[in-house]
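Here is a short briefing for a first look at this structure. Keep the sequence and the 3D view open as you read.

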Amino acid sequence: MEQNKDLCEVRHVHKETIDHTLANMPSEEEMLTLADCFKILSDTTRLKIVLALLENELCVCDICHVVSLSQSAVSHQLRVLRAARLAKYRKEGKMVFYSIDDDHVASIIKQAIEHISHTHIAFK
């Protein structure tokens, strides 16, 4: 009979390793914020918007065309992205342009794309 590969065959606690790990874990509040960030990015519409903004700063009308949604639907998603500090905007006259909030957001997405390109999941 095959043993469960996810279990140790002997019980042994590595106290120094555990202490080091616990000391370097984010706080509960930080973990909740991080989980919320990933939840926001797990929505395909918001992810499409973020991926589009990685390519160019876009006005709301352009984002609507890229993601094939109404302006009110896109506006709602942009509010969520702004609240999470994943996107930012600037006004130019009557136009509103959106971009990625900072390089960290781009880095997270690019690393995720790089990760999935090394698996059997096809991208693009």
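The points below cover the sheet, the helix packing and a few single residues.

This is a predicted model. Three strands form an open sheet in the order 1-3-2. Helix 3 packs against helix 4 at an angle of about 120°, and against helix 6 at an angle of about 105°.

**The sheet**

- The pairing in the three-stranded sheet is antiparallel. Strand 1 and strand 2 stand at the edges, each with a single partner strand, so one side of each has no neighbour in the sheet.
- Strand 1 covers residues 58-59 and strand 3 covers residues 95-100. Two bridges join this antiparallel pair.
- C59 has its bridge partner in strand 3, and that partner is F97.
- Strand 2 spans residues 87-92. Six bridges tie strand 2 to strand 3, and the two run antiparallel.
- K91 faces V96 of strand 3 as its opposite residue.
- Strand 2 and strand 3 form a hairpin with two residues between the strands. In this hairpin, G93 takes a positive phi near 65°.
- In a regular strand, side chains alternate between the two faces of the sheet.

**Helix 3 against helix 4**

- Two packed helices are described by the angle between their axes and the distance between those axes.
- Helix 3 runs over residues 44-55 and helix 4 over residues 60-67. Their axes are 10 Å apart.
- How are helix 3 and helix 4 placed relative to each other? They are oblique, because the angle is about 120° and angles of 65 to 115 degrees count as roughly perpendicular, while those over 145 count as roughly antiparallel.
- The crossing of helix 3 and helix 4 is right-handed.
- Helix 3 brings K48, I49, A52 and L53 to the contact, and helix 4 brings I63, V66 and V67.
- By class, the residues of this contact are six nonpolar, no polar and one charged.

**Helix 3 against helix 6**

- Helix 6 covers residues 103-117. The axes of helix 3 and helix 6 lie 11 Å apart.
- The angle of about 105° falls within the 65 to 115 range, so helix 3 and helix 6 are roughly perpendicular to each other.
- From helix 3, the contact uses L47, V50, L51 and L54. From helix 6, it uses V105, A106, I109 and I113.
- Which classes of residue make up the contact of helix 3 with helix 6? There are eight nonpolar residues, no polar ones and no charged ones.

**Two buried residues**

- Q77 lies in helix 5, which spans residues 71-83.
- Is Q77 buried or exposed? Q77 is buried, because its relative accessible area is 12% and the cut-off for buried is under 20%.
- Leaving out residues up to four places away in sequence, Q77 touches D43, T45, R46 and I49.
- S99 sits in strand 3. At 16% relative accessibility, S99 also counts as buried.
- S99 is in contact with L53, E57, A87 and K88, not counting neighbours within four places in sequence.

**Positive phi outside glycine**

- Most residues other than glycine have a negative phi.
- S68 is not a glycine, yet it has a positive phi of about 55°. S68 is found in the loop between helix 4 and helix 5.
- S68 is exposed, with a relative accessible area of 62%.
- R85, also a residue other than glycine, has a positive phi near 60°. R85 is in the loop between helix 5 and strand 2.
- R85 counts as exposed, because its relative accessibility is 60% and the cut-off for exposed is over 50%.

**The segment before helix 1**

- K5 lies in the segment before helix 1, a helix of residues 15-23. K5 counts as exposed at 72% relative accessibility.
- K5 and Y98 are 93 residues apart in sequence. In space they are 47 Å apart, C-alpha to C-alpha.
- R11 and S99 are 88 residues apart in sequence. Their C-alpha atoms are 51 Å apart in space.

How values were computed
Residues are numbered from 1 along each chain as its sequence is written. This is a predicted model: local features need pLDDT of at least 70, side-chain atom pairs count only at pLDDT 80 or more; totals for chains, interfaces and linings use all residues. Side-chain values use heavy atoms; hydrogens and water are left out. Axes are lines fitted to C-alpha atoms, for helices over the stretch in contact, and angles run from 0 to 180 degrees between N-to-C directions. Helices (H or I, at least four residues) and strands (E, at least two) are DSSP runs, numbered from the N terminus. Angles under 35 degrees count as roughly parallel, over 145 as roughly antiparallel, 65 to 115 as roughly perpendicular and the rest as oblique. A crossing is left-handed if the near helix is turned anticlockwise from the far one by less than a right angle, and right-handed if clockwise. Contact means heavy atoms within 4.5 Å. Ala, Val, Leu, Ile, Met, Phe, Trp, Tyr, Cys and Pro count as nonpolar, Asp, Glu, Lys and Arg as charged, and the others, Gly among them, as polar. Two strands pair if DSSP finds at least two bridges between them. Buried means under 20% relative accessible area, exposed over 50%, partly exposed in between (1.4 Å probe, protein chains only).
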